[in-house]
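Colleague: I am new to this structure. Could you take me through it step by step?

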Amino acid sequence: MSTTASTAPVTGVTGVGVVGVVGAAPGTTVTTAPRATRSRAVRPDGTPRWAELAARATVWTTVPSGLWRLALGVGVPVGFSGELAAVFEDNTPGWGTAYLVALSGLAEFLAFLTLGLVRPWGEVVPSWIPLIGGRTVRPLAAIVPALIGSAVLTCIGTSALFGGWADQLSDPEAPQGLAAVVMTLCYLPMIAWGPLVAAVTFAYARRTLGRRG
């Protein structure tokens with residue numbers, strides 16, 4: 001006696017993740033998760049794609065103002081006049097240059113640390129660091145300083161945005177005209193520094209604390 005195997009054709013609906021399964025009862029469908037979309041939105045370690053982009057953006061928020069200070073430090077006229085201009089002329093190049101370079105470097109270093117919240121070295125200390133290399137980073141040891149820093153930066157940025165910056169530019173010896181516009185555009189990205197750090201810290205806390213729970 002012969003038997004005939006019957007199979008239902010495989011059908012699919014492109015873009016909605018619904019397919020008919022071979023051998024399934026008529027009218028039965030199975031919904032598949034959009035894996036490719038999810039893999040782009042979340043890394044294997046659970047870091048959201050948006051958090052990684054925010055961390056990268058954080059690093060760039062301090063670059064324009066750092067370049068502006070470096071220009072000031074090497075003696076490029078940036079618009080100051082009167083006694084302020086005389087002070088900068090007397091000390092740049094000189095100790096003033098060293099101070100401006102150090103300030104710019106410190107700001108960039110602190111911004112760079114935000115990447116640790118979306119990188120493996122934010123959870124395990126790199127092995128090449130003396131004494132503590134290879135140790136697991138306690139989440140709160142990263143979360144608390146990051147939140148404090150983001151709060152301080154957000155307060156400074158908010159203060160500058162709502163009057164503080166305008167008060168500084170109102171000084172007759174401060175840059176005016178085009179020089180003031182350039183200076184403002186260089187420092188404007190720093191307003192986003194605090195909120196970006198807060199957002200990345202939230203993602204880090206959700207990932208690391210949730211993993212321990």
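Modeller: The protein chain has 213 residues, of which 28% count as buried. Buried means under 20% relative accessible area, exposed means over 50%, and partly exposed lies in between, with a 1.4 Å probe and protein chains only as cover. This is a predicted model, in which local features need pLDDT of at least 70 and side-chain atom pairs count only at pLDDT 80 or more, while totals for chains, interfaces and linings use all residues. Residues are numbered from 1 along each chain as its sequence is written, and side-chain values use heavy atoms, with hydrogens and water left out.

Colleague: What does the secondary structure of the protein chain come to?

Modeller: The protein chain has eight helices and three strands. Along the sequence, the pattern reads β-β-β-α-α-α-α-α-α-α-α. Helices (H or I, at least four residues) and strands (E, at least two) are DSSP runs, numbered from the N terminus.

Colleague: Which residues have the most contacts inside the largest nonpolar core?

Modeller: Those residues are L117, V118, V200 and Y204, in a core of 20 residues. Helix 2 (49-61), helix 5, helix 6 and helix 8 (193-212) each supply at least two residues of this core. Helix 8 provides the largest share, six residues. Apart from this core lies another one of eight residues, including L72, L100, W165 and C186. A nonpolar core here is a set of buried Ala, Val, Leu, Ile, Met, Phe, Trp, Tyr and Cys residues joined through side-chain atoms within 4.5 Å.

Colleague: And what is V118 in contact with, leaving aside its neighbours within four places in sequence?

Modeller: V118 is in contact with R43, T47, A51, E52, A55 and V200. Contact means heavy atoms within 4.5 Å.

Colleague: E52 appears in that list. Which salt bridges involve it?

Modeller: The side chains of E52 and R56 form a salt bridge, at 2.7 Å from N to O. Both residues lie in helix 2, four residues apart, about one turn of the helix. E52 also forms a salt bridge with R119, whose closest N and O atoms are 3.7 Å from those of E52. E52 is in helix 2 and R119 in the loop between helix 5 and helix 6, so this pair ties together parts that are 67 residues apart in sequence. A salt bridge is a side-chain nitrogen of Lys or Arg within 4 Å of a carboxyl oxygen of Asp or Glu.

Colleague: Is E52 buried or exposed?

Modeller: E52 counts as buried, because its relative accessibility is 7%. R56 is partly exposed at 37%, and R119 is partly exposed at 23%. R49, E52, R56 and R119 are linked in a network of salt bridges.

Colleague: How many salt bridges does a search of the whole structure find?

Modeller: The search finds four. One further pair to note is R207 and E123, whose side chains meet at 3.1 Å, N to O. R207 in helix 8 and E123 in the loop between helix 5 and helix 6 are 84 residues apart, and the pair links distant parts of the chain. R207 counts as buried at 9% relative accessibility, and E123 counts as buried at 15%.

Colleague: Let us turn to the surface. Which residues make the nonpolar patch?

Modeller: The patch, of about 730 Å², is made by L161, F162, L178, V181, V182, L185 and L188. Helix 7 gives the most to the patch, with four residues. L185 is in helix 7 and is exposed, with a relative accessible area of 53%. Patches are made of residues with over 30% relative accessible area and no salt bridge, with like charges joined within 9 Å and nonpolar side chains (Val, Leu, Ile, Met, Phe, Trp, Tyr) within 5 Å. Accessible areas come from the Shrake-Rupley method with a 1.4 Å probe, and for residues only the protein chains shown count as cover.

Colleague: Where is the kink in helix 6 centred?

Modeller: The kink is centred on L161 and is about 65 degrees. The bend at a residue is the angle between axes fitted to the seven residues ending there and the seven starting there.

Colleague: Finally, which residues does a cis peptide bond join?

Modeller: A cis peptide bond joins T92 and P93, with omega about -10 degrees. P93 lies in the loop between helix 4 (82-91) and helix 5 (95-112).
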